[in-house]
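Welcome! Have the sequence and the 3D view open, and try each exercise before you read its solution.

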2 protein chains.
Amino acid sequence: MVTLSDSIEDYIKKLLSLSSRLYVDIRRRELAQKFSCAPSQINYVLERRFSAERGYLIESRRGGRGYIRIYRINPLQKQAWKAVIDYLAGGDFEPDKALQFIKRCREENIITRREGRILQALLKDELYTALVSPEIKVRSLQKRIFKAAIEEILKGSY
Amino acid sequence: MVTLSDSIEDYIKKLLSLSSRLYVDIRRRELAQKFSCAPSQINYVLERRFSAERGYLIESRRGGRGYIRIYRINPLQKQAWKAVIDYLAGGDFEPDKALQFIKRCREENIITRREGRILQALLKDELYTALVSPEIKVRSLQKRIFKAAIEEILKGSY
DNA sequence: TGGATAAAGGTCAGTTAAGGTCAAATACCG
DNA sequence: CGGTATTTGACCTTAACTGACCTTTATCCA
C-alpha cells in the first residue's frame with residue numbers, strides 16, 4: 001500500500017541519490033503541484049520521513065526565492081552511535097524517535113531487516129498496556145528494553 | 001454447518017495460496033463488506049484461525065491507507081520453531097525455558113548470534129524489576145516481549 | 001529609501017480513512 | 001441446559017492529509 005507520503009519520500013530520496021552534493025533543494029509549491037497535494041503535505045513528509053533521527057537535516061528560507069534544503073547527514077560512525085543512543089535514552093523516551101533511528105540503521109545497513117523488525121516490535125505500546133501503567137512507566141520500560149536490545153547489537157560481530 | 005468465520009477463513013487461505021509472496025494484504029472494511037459483516041468479525045477470524053500455532057502471523061497499520069497483512073509461516077520454519085510456538089501458546093512462562101530454546105536455535109543456526117544475544121537480553125529480570133511487580137506481571141511481560149520478538153523472526157526472509 | 005506587495009515557506013487544528021478493543025447478544029452443540 | 005463459538009455494535013486510536021491563517025523575504029516603485 002503506497003501512500004502519497006511514500007511517493008514523495010521516494011522522490012526526494014531519488015533526488016538526493018542523484019545529487020553530487022550532500023543536499024538537494026526543493027520548492028514546496030512545485031513539489032506539491034507535482035504530486036497534486038496541499039503544500040503542507042510536504043512539511044508532513046519532511047517531518048515524518050526526514051527527521052534528524054533518520055539522518056536528515058532540513059533547512060529552509062521563506063519569502064521570494066524561498067526553498068527547502070534537505071541534507072543527508074554522514075553515515076554513523078562507531079563513535080557517534082553511542083551518542084545517538086544516549087540522546088534517545090536521555091530524558092523522556094519517545095518511541096517515535098527510536099523508531100526513526102531504527103529506520104536509519106536499516107538504511108545504513110547497520111542492522112538486518114529482521115533485527116529492525118524486532119526492535120520495532122519492542123516499541124509497540126500494546127505490548128505494555130494493561131500490564132504496566134501509568135504511561136511514564138511504559139516509557140521507562142520501553143527505554144530500558146530498547147537500550148538493552150540495541151546494546152547487544154552494538155557488542156558486535158554480526 | 002458452515003459459519004461466516006469458516007467462509008472468511010477459506011477466502012483468506014485461498015488468497016494466500018494464490019499469492020507468490022509469503023503474505024497477503026487485506027483491507028478490513030472491504031472484506032467485511034464482501035461478507036456483509038461487522039469489521040470486527042475479521043479480527044475475530046484472524047485471532048481464532050490465523051494464530052501462530054496454526055502457522056500464521058498478523059501485522060497491521062491503522063490510519064489512511066491502513067491494511068492488515070497475513071503471513072503464512074514457512075512450513076520448514078514452522079517445523080523448526082514448533083516447540084517454541086507451542087510453548088508460547090501455553091499458560092505460564094519461565095525465562096529459563098526460553099533461554100534453552102534460544103540456545104537450541106543458536107546451535108541449529110536458525111538465528112544469528114546477534115539475534116540470540118538480543119533475545120537473551122530481553123529475558124533479563126533486571127530490565128523489569130522496580131518498574132513492574134509482582135513477579136507474575138514480570139513473567140507476563142517477558143513472555144509478551146519474547147513472543148513479539150520471535151514472531152518478527154518468523155515473519156521471514158533473513 | 002522605505003513602504004506596499006507578491007512570493008515564498010510554517011503552523012496547527014481539524015477531517016478523513018483506516019484498523020483495534022471489548023462487552024453484550026446470539027447461535028450452536030453435546 | 002450449560003458452555004463455547006460466533007457475531008455485532010459502540011467507542012477508541014492512529015496515520016495521512018487539508019485548509020485557513022501566519023511569518024519571512026525580496027523586489028519594485030513612488
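The exercises below cover DNA contacts, strand pairing and salt bridges.

This is a predicted model, in which local features need pLDDT of at least 70, side-chain atom pairs count only at pLDDT 80 or more, and totals for chains, interfaces and linings use all residues. Residues are numbered from 1 along each chain as its sequence is written, chains are lettered from A and ligands numbered from 1 in the order in which they are written, and side-chain values use heavy atoms, with hydrogens and water left out.

**Exercise 1. Describe the protein surface around DNA strand C.**

Step 1: Start with the residues that are near the strand (one heavy atom within 4 Å of it). There are 28 around DNA strand C, and A:Arg28, A:Asn43, B:Arg27, B:Arg28 and B:Asn43 come nearest. Of the strand's atoms within 4 Å of the protein, 63% belong to sugar and phosphate.

Step 2: Look for polar contacts to phosphate (a pair of N or O atoms within 3.5 Å). The side chain of B:Asn43 places an N or O atom 2.7 Å from a phosphate oxygen of DNA strand C. For A:Ser60 the corresponding side-chain distance is 2.9 Å, and for a polar side-chain atom of A:Arg27 it is 3.1 Å.

Step 3: Sort the residues by class (Ala, Val, Leu, Ile, Met, Phe, Trp, Tyr, Cys and Pro are nonpolar; Asp, Glu, Lys and Arg are charged; the others, Gly among them, are polar). The surface near DNA strand C then has six nonpolar, twelve polar and ten charged residues.

**Exercise 2. Find how A:Gly63 takes part in both DNA contact and a hairpin.**

Step 1: A polar backbone atom of A:Gly63 is 3.2 Å from a base oxygen of DNA strand D.

Step 2: Now turn to the strands (DSSP runs of E, at least two residues, numbered from the N terminus). Two strands pair if DSSP finds at least two bridges between them; β2(A) and β3(A) have six, in the antiparallel sense. One of the partnerships in this pair joins A:Ser60 to A:Ile68.

Step 3: Five residues lie between the strands of this hairpin, where A:Gly63 takes a positive phi near 75°.

**Exercise 3. Work out the strand order of the sheet in chain B.**

Step 1: Four bridges join the antiparallel strands β1(B) and β3(B); B:Val24 has B:Ile70 as its bridge partner in β3(B).

Step 2: The open sheet of three strands has the order β1-β3-β2 in chain B, with antiparallel pairing. Its edge strands are β1 (23-26) and β2 of chain B, each pairing on one side only.

**Exercise 4. Place two salt bridges in their helices.**

Step 1: Use the criterion for a salt bridge (a side-chain nitrogen of Lys or Arg within 4 Å of a carboxyl oxygen of Asp or Glu). A:Glu9 and A:Lys13 satisfy it at 2.7 Å, N to O. They are four residues apart in helix α1 of chain A, so about one helical turn separates them.

Step 2: Compare B:Asp6 and B:Arg49, whose closest N and O atoms are 2.8 Å apart in a salt bridge. B:Asp6 lies in helix α1 of chain B and B:Arg49 in helix α3 of chain B, so this pair ties together parts 43 residues apart in sequence.

Step 3: Check accessibility (buried is under 20% relative accessible area, exposed over 50%, partly exposed in between; 1.4 Å probe, protein chains only). A:Glu9 is buried at 9%, A:Lys13 is partly exposed at 21%, and B:Arg49 is buried at 17%.

Technical notes:
A polar contact is a pair of N or O atoms within 3.5 Å; within protein, one must be able to donate a hydrogen and the other to accept it, and residues adjacent in sequence count only if both atoms are side-chain atoms.
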